[in-house]
Amino acid sequence: MSQARLPYGRQEIAAEDLAAVEACLRSERITQGPRVREFEAGLEQVSGAPHAVAVSSGTAALHLLYQALGVQAGDVVVTSPITFVATANAARYLGAEVVFSDVEPDTGLLDPVDLERTLARLAQARRQPRLVVPVDFAGQPADLPRIADLAAQAGAQVVSDAAHSLGASYEHAGRTVQAGSCTHSVGAIFSFHPVKHITTGEGGAALTRDPEVRDRLLALRTHGVHRDAERLVRPRDDVWAGPWYYEQDQLGYNYRLTDLQSALGCAQLARLDDFLARRRRLAARYDAALAAAPFAGRLAVLGLRPQRRSSYHLYVLRVLPAPGEAARDVAARRRDLFLHLQRAGIDPQVHYIPVPWQPFHRDDAPLPGAEAYYAGCLSLPLYPSLSDADQRRVLEALADWVG
Ligand SMILES: *Cc1c(COP(=O)(O)O)cnc(C)c1O
């Protein structure tokens, strides 16, 4: 009997999604219709961010947000090495330089202590960073209040890469703060790639609390053109102008999300709470199993800081080093575990290869936290339709490896 392979993540598409997309296809507007704004309003509601701008991908959201915040050639953007390459690439699109600051080895989150050192080094070199971009890795919010303070002292703004943390939150000053709310950042982004919490196929959103940034995002999303009567160089009543008239006053892009995708996004968003509940239940069961024999002391779960509630985009386990074991020996055992799971019909993943290890981004500055984290990390299957029996299969294959 052959069992279906278990991926590390996948989308959930239900009858409601099909109905929503079909209704859109049968309507007048399939690109820039009313559903885009409806989806944006839904995102504003779940995140608490005042303004959401839906775009064609999470990467496009990063690009537009960095640009709308004034990132230019020669600027410095500080981010985490443990992220998808897009977080750094968006800065490179604008000609900015990326400086990687180290992570905590047990959470994969930007380490505020190392960030302070990184910002001090930049200050010494008289380089004021434009942005600091923490990543809510695996769904756990980064220490945004502290990072916001450090960034403010360095004269930088904060953008929160919340691609993993839709539905996550943290406690601050007696309040619950939603990931992506822009409470401790000027802007944030979400991604709706099929492995993320909700999907629109490809898709993303930029969020901000600044209405001027929102206006810049809207213009950049659509070629840099506008129809705003007050800003038109040639007035509408000019003989060469009229009701059709628009002007382009800056270089923008076509980064729009379609109405079709937004219809899917609205239907998905309506089920976000169910998705999160199922992910959290599965994560709790992995946690309990991995804390007990035969795993305790050999494998560990990702560190979770107090006062933070993860949305569990990923379920990351860590192969623990034996006392005195070198990182490359841990990496060899992690590699062996990956291949073992593959042979058992499970497709885990490794999140992430440190970005400065990529030939394009190559930076040899030592990042011991990122190296220690990367040596042992492995993402197990986690998605709402993963059944209890599927999860048992994963745990049995792990037990088999631990021996
Ligand atoms: C997925 C992801 C992105 C990019 O999102 P896309 O929608 O795939 O372009 C950015 N940052 C992180 C951390 C991600 O996981």
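**Close-up views of the ligand site and a three-stranded sheet**

**View 1. Helices α3 and α4 contribute to the shell around the ligand.** Helix α3 (58–68) and helix α4 (86–93) each provide at least two residues of this shell. The model shown is predicted. With 3 residues, α3 gives the most to the shell. Classified by residue type, the shell comprises 6 nonpolar, 8 polar and 2 charged residues. Gly 58, Thr 59, His 164, Ser 191 and Lys 196 come nearest among the 16 residues around the ligand.

**View 2. Polar atoms of Gly 58, Thr 59 and Tyr 352 lie beside ligand oxygen atoms.** In Gly 58, a backbone N or O atom is 2.8 Å from an oxygen atom of the ligand. For Thr 59, the separation between an N or O atom of the side chain and a ligand oxygen atom is 2.5 Å. The side chain of Tyr 352 places an N or O atom 3.2 Å from an oxygen atom of the ligand. The ligand taken alone exposes 380 Å², of which the protein buries 94%. The largest pocket is the space that the ligand takes.

**View 3. Strands β8, β7 and β14 form an open, antiparallel sheet.** The sheet has 3 strands in the order β8-β7-β14. Strands β8 (175–178) and β14 (308–309) stand at the edges; each has a single partner strand, so one side of each lacks a neighbour in the sheet. Strand β7 (residues 169–172) pairs with β8 in the antiparallel sense over 4 bridges. Arg 175 in β8 is the bridge partner of His 172. Backbone hydrogen bonds join the strands of a sheet, in either parallel or antiparallel pairing.

Conventions: Residues are numbered from 1 along each chain as its sequence is written. This is a predicted model: local features need pLDDT of at least 70, side-chain atom pairs count only at pLDDT 80 or more; totals for chains, interfaces and linings use all residues. Side-chain values use heavy atoms; hydrogens and water are left out. A residue is near a molecule or strand if one of its heavy atoms lies within 4 Å of it. A polar contact is a pair of N or O atoms within 3.5 Å; within protein, one must be able to donate a hydrogen and the other to accept it, and residues adjacent in sequence count only if both atoms are side-chain atoms. Accessible areas come from the Shrake-Rupley method with a 1.4 Å probe; for residues, only the protein chains shown count as cover. On a 1 Å grid over the protein atoms alone, a cavity is a set of points where a 1.4 Å probe fits but cannot get out, and a pocket is an open set with protein on both sides within 12 Å along at least five of seven lines; lining residues have an atom within 4 Å of a point. A molecule sits in a cavity or pocket if more than half of its atoms lie within 2 Å of its grid points. Ala, Val, Leu, Ile, Met, Phe, Trp, Tyr, Cys and Pro count as nonpolar, Asp, Glu, Lys and Arg as charged, and the others, Gly among them, as polar. Two strands pair if DSSP finds at least two bridges between them.
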